[in-house]
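Hi,

Here is the structure I promised to pass on to you. Please have a look when you find a moment.

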Amino acid sequence: MSRNKNTSTAARLPILPLGALAAGFGLASAALAQTAPAPTPPAQGDNVLPVVRARASAEKQGKDDYQATETRIGKGKQDIRDIPQSLTVITEKVMDDRNFSNVKEVLKNTSGITFQAAEGGEEDIKIHGISLQSTGDIFIDGMRDPAFYDRDTFFLDKIELLRGSASLLFGRGSTGGAVNQVTKQAQLADQNQIDVSMGSHGALRAIVDLNKRTGENAAFRVSAMTNTADSNGAGSKIDKRGIGASYRFGIDETDEFGITVYGLQNDNGMNYGVRWIRQNAADPVAGSLNTKMDPDAYYGLASDFNKGTAYYGMLTHTHRFSKDTELVTRVRAANYSRDQRATLWNFAAAAQQPGGQAVTLDNLSPATVITRGFQPKKQDMQTVTAQSDLSTRFKALGLEHTLQTGVDFANEKKQVFAQVTAAQGGVVPARPNTTVGTPYDGASIDESLRSYRDNNAYTSKAYGGYLQDMIQVAPMWKLLAGLRYDSLKGDYEQYTVPTGALTPVTTTRYKMKVSEWSQRAAVLFQPNEQWSFHLMGATSFNTSGDAYSLSAANQDIPPEKSVNVELGAKWDSADGKLSLRAGAFRNTKLHERNTDPLITNLVTLSGKRHAAGLDFDIVGRITPEWEVFGNFTWMPVAKIDISSANTGEVQGSRPSLSPRYSGSLWTAYQVLPQLRLGAGLNARSSQTPIRNPVGVIAPKFVTADVMAEYAVVPDQLSFKLYVSNVANKLYADQLYTSFYVPGTGRVTTLTGTYKF
C-alpha cells in the first residue's frame with residue numbers, strides 16, 4: 001500500500017480511471033466486425049462411451065449459469081437432488097457478477113458463515129457457529145487445502161459449501177461443514193476471455209483465461225491473474241499474482257488423464273483491526289464500534305507486509321469400466337509459505353493522551369496517541385495427498401444401488417518460526433507511535449534486521465476409507481447408509497532457546513494417535529422429478545491437533561464427537577431452470593473441547609453445545625431474463641449446554657459468533673438485449689466475539705450492492721460497473737475479544753470483458 005497518502009482520510013477520494021479502460025477496450029472493437037471462426041466440431045467416430053462423448057464438447061461450466069445441477073462434493077458425480085444435506089454452490093458466474101476476487105468475499109456473502117479474527121492473523125471461519133478453517137475443512141477438488149492464505153477466485157469454476165457433519169466424506173473435522181473449491185478444467189472447445197478491472201483505491205486487476213482444444217479428446221487451459229490496489233476498502237494493500245493450468249487427454253474415453261498446476265504469490269498488506277472502544281468514561285467496558293475512525297485508515301508501518309505463497313501440482317486418472325462405473329484417482333503435492341509482519345495498534349495509556357484522559361469515543365480526536373504492537377507469523381507447510389474413489393450403479397436382489405467407496409492418504413508437515421528476542425541475541429526494532437490524525441504516516445523500520453528461529457514442527461500421516469450406498473427401495477424412496485474409518489498419527493516438537501543461545505534445543509515432544517469411525521444415514525422421498533425430501537443423520541469428529549499444535553494439555557484429549565440431523569426439501573421448476581432448497585438442522589457437539597491460551601480451564605472434553613435452525617436457498621432463472629441467487633439462515637437456537645468455564649462461553653449462554661440470522665440475496669435482469677442490471681443485499685444480525693466478552697456485541701447490519709452491464713458486441717465485448725456497499729455502511733466484519741476487522745467501505749469497479 002502506498003504510505004505517502006494524505007493524512008486526512010476524509011480527504012482521500014477514489015479516482016476511477018474509467019476513460020482509460022474504455023479507451024483500451026475501444027481499440028479492440030474494430031476487430032469485432034469480423035465474424036469469429038466457429039469452433040472445430042468434435043470428431044465423429046467410434047467411441048467406447050459415445051453417450052458421454054456427445055456431451056463433452058458442450059460441458060457445462062460455472063461461468064455459464066448461476067445454477068449448478070451436479071456436484072462431486074459427495075466424491076463421485078451426483079445430482080444435487082441426491083445430496084441429503086444443505087448444499088450451496090456458488091458458480092463462477094455468480095462470483096463474476098458480484099465482483100468476488102477471493103474466497104473470503106464469497107463466504108462472507110453466504111448465509112450461516114461468520115469470521116473470527118485472531119491474534120497472529122489466523123482467522124477462523126465458522127458455519128452455524130462451528131469452526132471450519134481451524135479444523136482444516138477447506139478443500140480443492142475434494143482434497144484438503146489446510147494452510148492459511150488469501151485464496152483467489154481466478155482459477156475457480158465454483159465453490160461448494162456443504163453444511164453439517166461431513167466426516168464420512170472428508171475424514172477428521174468437517175463438523176460444521178466443508179468448503180470445496182472446484183478448479184477450472186480444460187474443455188473440448190476453443191474459448192478465450194480477458195477481463196480487465198479498474199476501481200477505487202487505485203485498484204487494477206487483470207485475468208486471462210485461455211482454453212484450446214488440442215485434439216479429438218485433448219485440451220489445454222491456462223488462467224493468469226494480477227491484482228494491485230492501495231487498499232481493499234478496509235485498509236489492506238493488495239498485491240498478488242497467480243497462474244493455473246489444466247491439461248486433459250483421453251477426455252471421456254475409457255482412460256482419461258489430467259494434470260493441474262497452480263501458483264499464487266501474495267505480497268499484500270494487513271489492516272489488522274480496530275479496537276472496541278468505550279462511548280464515554282462511564283462505560284464499564286470497551287464494547288462499541290469506533291464510528292469516528294475511517295475503516296480504510298491504515299495505522300501500520302510502511303514496512304509491514306503479509307507475504308504468502310501457495311503452489312501445488314495434481315495428477316488425475318479416471319478409468320471408466322462402463323457408463324455406470326468409474327474410478328477416479330488423484331495425487332496432489334502442495335507447498336505453502338507465510339511471512340506476516342503486521343501492526344496491531346492500541347490506544348496509548350491515559351498518561352500519554354491529551355489531557356491525561358483514557359480514550360473514549362467522546363474524547364477521540366486527531367491528537368489521540370496510538371501505539372503500534374507487533375504481530376508476526378512465519379510458517380511453512382507441505383502436504384502430499386492421494387485418494388481413489390469408485391462410483392458405480394448396479395442392480396442386486398432387484399434393487400438399484402448407487403455405491404461409492406474409496407481410500408485416501410495425507411501426509412502433512414508444518415514448521416512455525418519465532419522471532420529471536422533481544423535476550424537471545426536478536427535485533428528487535430522499536431516501533432514508533434502515531435496519532436489518529438496521521439494514518440499512512442510512512443513510518444517504517446528495517447525488517448531485514450529481524451531474525452527467526454525454529455519454534456515448533458508438526459508432522460502427521462492419515463489414512464481413511466469409506467463405503468456409502470444409496471438404494472432405490474421403491475419407485476419414490478431411497479435409503480442411504482455410509483461408514484468411514486480414519487487413522488491419524490501426529491508428532492509435534494516444541495523448541496526453545498536458552499537466554500544468550502542461538503541454537504534451538506528440542507525440549508518437548510508430543511504425540512497424537514486417532515482411530516475413529518464416522519457414520520451417515522438418510523432417507524430420501526422423491527415423488528417426481530421436481531421434488532426431493534430427505535431426513536439425514538451424520539457424525540463427525542475433531543482431533544485435538546486440529547490447528548497442527550499439540551501440548552501437554554491436549555495431547556491425550558480424545559477427539560470431539562458431533563452429530564448433525566437435517567430434515568430438508570428441494571424443488572426444481574418444471575423446466576429445471578430454478579431451484580429452491582430448505583433444511584431444518586440440529587448440530588450437537590456431544591463432547592466440547594476448548595483449547596484457549598487465555599483461559600486454561602477450558603482444556604476439557606466435558607462440554608456440550610447445540611444449535612438448531614433453518615437454511616434456505618434459491619438459485620436459477622425465474623424467467624429467461626431474470627436470474628436470482630440467494631440464501632438465508634435462521635438460527636433461533638444456539639446454546640452451551642454444559643461447560644466448566646466461569647467466564648466467557650459459560651453454561652446456558654449463546655455461543656459466540658452465532659448470529660440469529662444471516663443472508664444474502666442477489667438478482668440480475670436483462671432489461672434490454674444489451675443491458676443487464678443487478679442488485680443485492682447482504683445482512684447479518686448482532687453477535688458476540690469469541691469468548692463472549694461481557695458488554696461487547698457487534699451490531700446487526702445490511703449492505704447493498706448494485707451492478708450494470710452493457711454488451712457493446714453481444715458475447716464478445718462488454719463492460720460492467722459494480723458498486724459494493726453503496727451506502728458505505730460501517731460494520732464489524734471479523735470479530736475478536738479486543739478488536740474487530742471492519743467491513744469494506746464503498747468500492748466502485750469497472751470491468752471490461754473481451755471474449756474471442
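Below are my notes on the model, from the whole chain down to one sheet.

First, some ground rules: this is a predicted model, where local features need pLDDT of at least 70 and side-chain atom pairs count only at pLDDT 80 or more, while totals for chains, interfaces and linings use all residues. Residues are numbered from 1 along each chain as its sequence is written, and side-chain values use heavy atoms, with hydrogens and water left out.

On confidence, the protein chain has an average pLDDT (the predictor's confidence in each residue, from 0 to 100) of 89, and 89% of the residues reach at least 70. Please treat residues 1-56 separately: pLDDT stays under 50 there, and the model has 84 contacts (heavy atoms within 4.5 Å) beyond four places in sequence for them.

Of the 756 residues, 56% are buried (under 20% relative accessible area, 1.4 Å probe, protein chains only). The exposed surface of the protein chain is about 30200 Å² by the Shrake-Rupley method with a 1.4 Å probe, and carbon and sulfur atoms supply 59% of it.

The protein chain holds five helices (DSSP H or I, at least four residues) and 36 strands (E, at least two). Six strands form an open sheet in the order E6-E5-E4-E34-E35-E16, with mixed pairing (at least two DSSP bridges between two strands). Its edge strands, E6 (130-131) and E16 (274-275), each pair on one side only. Within this sheet, E4 (residues 113-116) and E5 (residues 124-127) run antiparallel, joined by four bridges; Phe115 has Ile125 in E5 as its bridge partner.

Best wishes

Definitions and conventions
Buried < 20%, exposed > 50% of the residue type's maximum accessible area, 1.4 Å probe, protein only.
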